Amino acid sequence: MVMVGGKALAHCALVLLSLWLCIHSVPISVNKSEEKPQQEDLKAPESADTGLHYDRYLREVIEYLEKDPHFREKLKNTNMDDIREGKLSKELDFVHHSLRTKLDELKREEMTRLRMLIKAKHDMAAGDGWKVDHQALLKQFEHLNHDNPHSFESEDLGRLIQSATQDLENYDKERHDEFKRYEMLKEHERREKLKNMTEEERKKEEQHHQDMKKKHADHDKINHPGSEDQLKEVWQESDGLDPDDFDPKTFFKIHDSNGDGFFDENELEALFAKELDKVYNPKNEEDDMVEMEEERLRMREHVMNEVDTNKDRLVSLSEFLAATNKEEFHQKEEWETLEQNSMFTEEELTAYEQQLANEEKMIIDKAADLQKQREELQKKQEELNAQKHDLQQAVDDLQRRKVQGLKSEDTAESVVAGGGPALTIQQQDPPVPGQS
């Protein structure tokens, strides 16, 4: 997710509109006396996947809105709070007709995608015979107005902005929660493995586990993210410059990789590579690369909390320079890495293991139910096969009797045709009255 004057200001507001969509753009609030204007040539921003299930829809809407000159112009005087509150949505009424038509098409495609998603989900859960109430189920998707499935209106833009704001604010928390579950599952599996070992094997495994933890913790000092020592290390080792010549403004321009006057979250995380390399090596058994990504996230969040004063998830040059003048910038305290902080308590692990046990029981019960259904279906199939066999036998018997009947008729006809004995009936005259 990612100072300039003129038309570039409109470009920056689209970043805010995209609600930290990882669009490399420029913001609205600018001190023109300090920032050098960029060129007038604006290009559509490239964005990274936000992780939202409607990411593509969000990016395409922003892309098309950006093409409208009137909409972009209005963004010049719009602050981030107004964008968050949806006050910009009414400007959609003035967007060019051709773009509105394209937005209508995008919405219809998104409605179709959601319906297919809902049907696939319920087909899996309840079978093909399940009747889906699409209108009711669509209400769980708040990023568009599902009461009007045909056209993209100002309400749709407002919903999209507010939904993305809320969802992206919760995204990091969800990542932390997911990592916590990962760590608890890893510890749970380790303990389960120990239960199946002999006493001697268990002691050996426990010793190996402790040795790996010590080996992982044995690394060079980790500088505080965003501190003078940390940035000077990047300046020297990555940039090849003399640390005595460290200049914050020059450092910022070197590492503002897209030259937009901002550090976005990806550019910030790139600054931590040297620190992370001290702790994690994918070739080492003791180093977990999933933990490395969590460490990277923690470092980025720390810097954002300290430096991003307007909370737009971007670090401007002025914010960066202000941070280098704070007392905290010169701190020598080492950064506490993950191994120095427990990710969960024993109570949390116990609760998680109980959850796993409940889920396992549900799976076992479901498997038993499916097995029972399978046996019942198999029994019914055997009954149908028996009925089919009896029916086929009856048909065969009937066919056999029919064939035998035809053979008997053929035999009788052949006897007559061959001159065999035949019955002879004598013709007698009728009796005359009075004669005997």
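A residue counts as buried when its relative accessible area is under 20%. By that cut-off Glu-187, at 15% relative accessibility, is buried in this structure, which is a predicted model. Glu-187 makes a good starting point for a walk along helix H7, and from there to the pocket, the cavity and a second helix.

Helix H7 runs over residues 154–195 and contains 42 residues. From its first C-alpha to its last it reaches 60 Å, close to the 62 Å expected at 1.5 Å a residue. The helix is not straight throughout, for H7 bends by about 35° at Tyr-171.

Within H7, the side chain of Glu-187 meets that of Arg-191 in a salt bridge, with 2.7 Å from N to O. The two residues are 4 residues apart in the helix, a separation of about one helical turn. An α-helix has 3.6 residues a turn, so residues three or four places apart point the same way. Whereas Glu-187 is buried at 15%, Arg-191 is partly exposed, with a relative accessible area of 28%.

A neighbouring position in the numbering, Arg-190, pairs with a partner outside H7. Its side chain forms a salt bridge with that of Glu-206, at 3.2 Å from N to O. Arg-190 belongs to helix H7 and Glu-206 to helix H8, so this pair ties together parts that are 16 residues apart in sequence. Arg-190 has a relative accessible area of 19% and is buried; the cut-off for that label is under 20%. Glu-206, at 29%, is partly exposed.

Towards the start of H7, Asp-156 takes part in another link. The side chains of Lys-107 and Asp-156 meet in a salt bridge of 2.8 Å, N to O. Because Lys-107 lies in helix H5 (residues 97–126) and Asp-156 in helix H7, the pair ties together parts that are 49 residues apart in sequence. Both ends of this bridge are buried: Lys-107 has a relative accessible area of 0%, and Asp-156 has a relative accessibility of 1%.

These pairs are part of a wider set, as the count for the structure comes to 32 salt bridges. Some residues are joined in a group: Asp-172, Glu-265, Glu-269, Arg-300 and Arg-313 are linked in a network of salt bridges.

Helix H7 also helps to frame open space. The largest pocket holds about 1,000 Å³ of space. Its lining consists of 29 residues, and the closest to its centre are Glu-183, Lys-186, His-209, Lys-213 and Glu-291. H7 provides the largest share of this lining, with 9 residues, and helix H8 (199–217) is another element that supplies at least two. By class, the lining of the pocket has 16 charged residues, along with 7 nonpolar and 6 polar ones.

One of the residues closest to the pocket centre, Lys-213, can be placed in more detail. Lys-213 lies in helix H8 and is partly exposed, with a relative accessible area of 47%. The C-alpha atom of Lys-213 is separated by 9.0 Å from that of Asp-287, although the two residues are 74 residues apart along the chain.

The structure has enclosed space as well. The largest cavity has a volume of about 250 Å³. It is lined by 20 residues, and those nearest its centre are Pro-225, Gly-226, Ser-227, Glu-306 and Val-307. Helix H13 (289–307) and helix H14 (317–324) each supply at least two residues of the cavity lining, and H13 gives the most, with 4 residues. The cavity lining divides into 11 nonpolar, 6 polar and 3 charged residues, while the lining of the largest pocket has 7 nonpolar, 6 polar and 16 charged residues.

Helix H2 completes the picture. This helix spans residues 55–66 and has 12 residues. The distance from its first C-alpha to its last is 17 Å, close to the 16 Å expected at 1.5 Å a residue. Of the 12 residues of H2, 9 are buried, so this helix is largely enclosed by the rest of the structure. Among the buried residues of H2 are Leu-58, Val-61, Ile-62 and Leu-65, and Asp-55, Glu-60 and Glu-66 are buried there too. The tyrosines Tyr-57 and Tyr-64 are likewise buried in H2.

Definitions and conventions:
Residues are numbered from 1 along each chain as its sequence is written. This is a predicted model: local features need pLDDT of at least 70, side-chain atom pairs count only at pLDDT 80 or more; totals for chains, interfaces and linings use all residues. Side-chain values use heavy atoms; hydrogens and water are left out. The expected span of a helix is 1.5 Å times one less than its number of residues. The bend at a residue is the angle between axes fitted to the seven residues ending there and the seven starting there. On a 1 Å grid over the protein atoms alone, a cavity is a set of points where a 1.4 Å probe fits but cannot get out, and a pocket is an open set with protein on both sides within 12 Å along at least five of seven lines; lining residues have an atom within 4 Å of a point. Grid points are joined across faces, edges and corners, and a volume is the space filled by probe spheres set on the points. Ala, Val, Leu, Ile, Met, Phe, Trp, Tyr, Cys and Pro count as nonpolar, Asp, Glu, Lys and Arg as charged, and the others, Gly among them, as polar. A salt bridge is a side-chain nitrogen of Lys or Arg within 4 Å of a carboxyl oxygen of Asp or Glu. Buried means under 20% relative accessible area, exposed over 50%, partly exposed in between (1.4 Å probe, protein chains only).
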